Structures are given as C-alpha cells and as structure tokens.
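The following report concerns side-chain packing, ring contacts and backbone angles in one protein chain. Please read it alongside the sequence and coordinates displayed below.

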Amino acid sequence: MNKGLPIILLVLLSGCVSKSDVPAYEINNEKFIASTENKEKQFSYIVSVKPTGAVDLTLTKNMSRSAYKKLLLTESFSDSGALKLELEDKAANMLEKELKKRRYCPKSHSIDDVVWREYSVKLSGHCL
C-alpha cells in the first residue's frame with residue numbers, strides 16, 4: 001500500500017498543477033491616433049483582441065468528465081471582467097512604449113477616458 005501512495009499523490013497533484021498553455025486572449029490589432037486641439041496634444045490608443053469562438057455544447061455529444069470540467073473552468077474573454085482589466089493594464093503599458101517610441105508626450109501624459117467594446121479597449125488622453 002505504501003508503494004502506491006506516492007503514485008496516487010503524483011497523479012492527483014499533476015491534475016491540479018496542469019494549466020492550459022493557451023492564452024486567454026490574443027492581441028490582433030493596435031492603433032495610435034494623435035491630434036492637436038487648442039494647442040493641446042491629444043491621443044487615442046486602441047487595442048483589439050481576437051474574438052473567441054463559441055463553444056459547441058450539444059447534449060448528444062459524448063464528453064468526458066475531465067473535458068467538461070476543463071470547459072467549465074475556461075474563461076471567455078467577453079464574459080470575464082478580470083481578463084478585460086488585464087488587457088486594460090497591458091494596453092496602458094503598450095501606450096507608454098508607443099508614446100516613448102514616437103516621442104509624443106515628452107514630459108508626461110494623462111489617460112482621461114477608457115472605452116470598452118466587445119473585443120477592444122480605447123484609451124484616450126492628453127499630454128501634460
């Protein structure tokens with residue numbers, strides 16, 4: 001019995017540790033738009049992700065218990081506030097790099113507005 005216990009523990013722990021390597025979302029487009037209004041430099045930065053496909057759940061389909069559990073634990077981008085906040089943070093970091101690369105706001109900048117669409121986020125702001 002003692003010889004089988006490590007194997008059982010290893011199987012149980014590997015089931016808990018294994019995580020899908022598939023990213024929750026994939027960025028497919030980014031766009032920087034610059035404008036000047038009343039001598040104030042303004043910008044918009046849009047980051048879009050690829051839409052995730054709908055899951056086909058038919059009652060006649062034979063699905064293993066582990067596959068069903070994995071399906072239930074998979075987060076959909078359009079339904080996940082956490083993934084959207086993660087993308088918003090990533091978009092803000094990407095905006096920082098884009099502004100430095102373009103040397104658009106040499107001193108600093110402020111993000112004034114964040115607008116969400118189904119699969120994109122738009123950050124708008126101005127230079128300080």
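In this predicted model, K41 is placed over the face of Y104, with a distance of 4.9 Å to the ring centre. A second arrangement of this kind involves K84, whose charged end sits over the ring of W116 at 5.8 Å from the centre of that ring.

Y104 also belongs to an aromatic cluster, which it forms together with F32, F43 and Y45. The structure as a whole holds three aromatic pairs. One of them joins F32 and F43, whose rings are stacked, with 6.4 Å from centre to centre and 15° between the planes. Because F32 belongs to strand β1 and F43 to strand β2, this pair ties together parts that are eleven residues apart in sequence. Both F32 and F43 are buried. A further pair is that of F32 and Y45, which is tilted because the planes stand at 55°, with the ring centres 6.5 Å apart. Here again a residue of strand β1, F32, meets a residue of strand β2, Y45, so that the pair links parts lying 13 residues apart in sequence. The relative accessible area of F32 is 12%, which makes F32 a buried residue, and Y45 likewise counts as buried, with a relative accessibility of 1%.

How many residues make up the largest nonpolar core, and which of them have the most contacts inside it? This core has 18 residues, and those with the most contacts within it are F32, F43, V47, L95, L99 and Y104. The elements that contribute two or more residues to the core are β2, α3 and β4, and the largest share, six residues, comes from α3. As a general tendency in soluble globular proteins, nonpolar side chains are buried together.

Helix α3 covers residues 81-102, and its 22 residues reach 31 Å from the first C-alpha to the last, close to the 32 Å expected at 1.5 Å a residue. The buried residues of this helix are L83, L87, A91, M94, L95, E98 and L99. They lie on the same side of α3, because the arc they cover around the axis is only 145°. Such a pattern can be read against the geometry of an α-helix, where there are 3.6 residues a turn, so residues three or four places apart point the same way. The buried residues of α3 pack against four strands, namely β1 (27-37), β2 (40-49), β3 (109-117) and β4 (120-127). On the face of α3 turned away from this buried side are the exposed residues A82, L85, D89, K97 and K100.

The residue that follows α3 is R103, which has a positive phi. Most residues other than glycine have a negative phi, and the table below lists two non-glycine positions that depart from this.

| Residue | Phi | Loop | Relative accessible area |
|---|---|---|---|
| K39 | positive, about 65° | between β1 and β2 | 84%, exposed |
| R103 | positive, about 55° | between α3 and β3 | 71%, exposed |

Two strand residues may be described in more detail. S48 is found in strand β2 and is buried, with a relative accessible area of 17%. Leaving aside neighbours within four places in sequence, S48 is in contact with E26, I27, N28 and N29, and also with Y119 and S120.

V114, in turn, has its place in strand β3. Is V114 buried or partly exposed? The relative accessible area of V114 is 32%, so this residue counts as partly exposed, given that buried means under 20% and exposed over 50%. When residues up to four places away in sequence are not counted, V114 touches E88, V121, K122 and L123. The C-alpha atom of V114 is separated by 9.6 Å from that of S44, although the two residues are 70 residues apart along the chain.

Technical notes. Residues are numbered from 1 along each chain as its sequence is written. This is a predicted model: local features need pLDDT of at least 70, side-chain atom pairs count only at pLDDT 80 or more; totals for chains, interfaces and linings use all residues. Side-chain values use heavy atoms; hydrogens and water are left out. The expected span of a helix is 1.5 Å times one less than its number of residues. Buried means under 20% relative accessible area, exposed over 50%, partly exposed in between (1.4 Å probe, protein chains only). The arc is that of the directions from the helix axis to the C-beta atoms. Contact means heavy atoms within 4.5 Å. A nonpolar core is a set of buried Ala, Val, Leu, Ile, Met, Phe, Trp, Tyr and Cys residues joined through side-chain atoms within 4.5 Å. Rings of Phe, Tyr and Trp (its six-membered ring) pair if their centres lie within 6.5 Å; planes under 30 degrees apart count as stacked, over 60 as edge-to-face and the rest as tilted. A charge sits over a ring if NZ of Lys or CZ of Arg is within 6 Å of the ring centre and within 35 degrees of the ring normal.
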